[in-house]
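Thanks for coming. I will go through one model today, starting with its cysteines and ending with a helix.

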Amino acid sequence: MAHATIYVGCTVPQLLRGAQSRIFPSHSPLGVLRHSAFCYCTGNSTIKSKRKMDHLERTANNFRQEVITQAKVCGITNESETVKRLRLAIANKDFTFKAGQWVDFFIPGVSVVGGFSICSSPGLLEREGILELAVKHTVHPPAHWIHTECTLDSEVALRVGDLHGYQEGKGKRHKLGTAKLHYSAKNTSELLFKKNILGLMKAFPGKITCCFHVTQQHSQICKELQPHVTEGRISEKDLEKHVSNDTSWYICGPPPMIESISKLLTNIGVPRNRVFFEKWWS
């Protein structure tokens, strides 16, 4: 039976200690950065407060690759009024990732470590040595740095983390049958990569479909998008028609959105081991 996939979107101290001495000399800028990150993580591990958890704290139990890789910014573009696409040249030929993974993002001089989804394909890295991130502007120091201080040739460091799900890489492997995307944003200008998505829908009719959801649309929707846009948030009704024993569900978005969609899926009878999500960034 064809397998359907539904996309809904929207220990660290030891790893830091082990990788720091091998990859970055202690006197280099990135070596200083690694030492700062290590001290920040270990120094805060015993502090209990009501403050919002940092990315490293939130993901302390998530698996990470041991390799920390230098990268240089080789492109910065505006995907929307609030999102920048960062294009990074990766020098390490052994650096790899799989679709759905994210990176710890280390910035020289910034003690807080960022966590961002990779928005490019593994194929682009293999062909050109390039990795891309889409980063929304917030007051969180790494995102703020990207939007206000990052320039071409800025140097950073990356480490790959795994997609978190109810099952850690276990279970049956399925042959992809169809992919259905429910994509929610404030308005159509904030629907990143919409042209790419429409192109995929045309290239793979019946195999890839998308419903764009907008919650605060005040301008007219362009003719090309109109057939695919729904006003309002993703609802239980939108999702229940996709329920089957052969469907896997992938959720990407802010933690409150992930919690909300997870509850909707539980309400419509989706087994927990069929749901996968990101829940690592602050």
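How many disulfides does the structure hold? Zero, where a disulfide is a pair of cysteine sulfur atoms within 2.5 Å.

Before I go on, a note on the source. This is a predicted model, in which local features need pLDDT of at least 70, side-chain atom pairs count only at pLDDT 80 or more, and totals for chains, interfaces and linings use all residues. Residues are numbered from 1 along each chain as its sequence is written, and side-chain values use heavy atoms, with hydrogens and water left out.

Back to the cysteines. For Cys210, the closest cysteine sulfur is that of Cys211, at 6.9 Å, which is too far for a bond. Cys210 is buried at 8% relative accessible area, while Cys74 is partly exposed at 38%. Buried here means under 20% relative accessible area, exposed means over 50%, and partly exposed is in between, with a 1.4 Å probe and protein chains only.

Cys74 also turns up around Leu88. Leu88 sits in strand β3, residues 83-90. Strands are DSSP runs of E, at least two residues, and helices are runs of H or I, at least four, numbered from the N terminus. Leu88 has 0% relative accessibility, so it counts as buried. Leaving aside neighbours within four places in sequence, its contacts (heavy atoms within 4.5 Å) include Cys74, Phe105, Ile130, Val156 and Leu158. The C-alpha atoms of Leu88 and Gln70 are 9.6 Å apart, with their positions 18 residues apart along the chain.

Next, charges. Side chains of opposite charge can pair when their charged atoms come close. The rule used here asks for a side-chain nitrogen of Lys or Arg within 4 Å of a carboxyl oxygen of Asp or Glu. How many salt bridges does that rule give? The count is seven.

I will take three of them. Glu132 and Arg87 meet at 2.6 Å, N to O. Glu132 is in strand β6, residues 130-136, and Arg87 is in β3, so this pair ties together parts 45 residues apart in sequence. Glu132 is buried at 7% relative accessibility, and Arg87 is partly exposed at 26%. Both belong to a network of salt bridges that also links Glu79, Arg85 and Glu128.

The second is Asp104 with Arg159, whose closest N and O atoms are 2.8 Å apart. Asp104 lies in strand β4 (102-107) and Arg159 in strand β7 (155-161), so parts 55 residues apart in sequence are tied together. Are these two residues buried or exposed? Both are buried.

The third is Glu190 with Lys136, at 3.6 Å, N to O. Glu190 is in the loop between β8 and α6, and Lys136 is in β6, so the pair ties together parts 54 residues apart in sequence. Glu190 is buried at 10%, and Lys136 is partly exposed at 46%.

That leaves helix α6, residues 194-203. Ile197, Leu198 and Met201 are buried there. Seen down the axis, the buried residues of α6 fall within an arc of 100°, so they line one face of the helix; the arc is taken from the directions from the helix axis to the C-beta atoms. An α-helix has 3.6 residues a turn, so residues three or four places apart point the same way. On the other side of α6, Lys195, Lys202 and Ala203 are exposed.

That is all I have.
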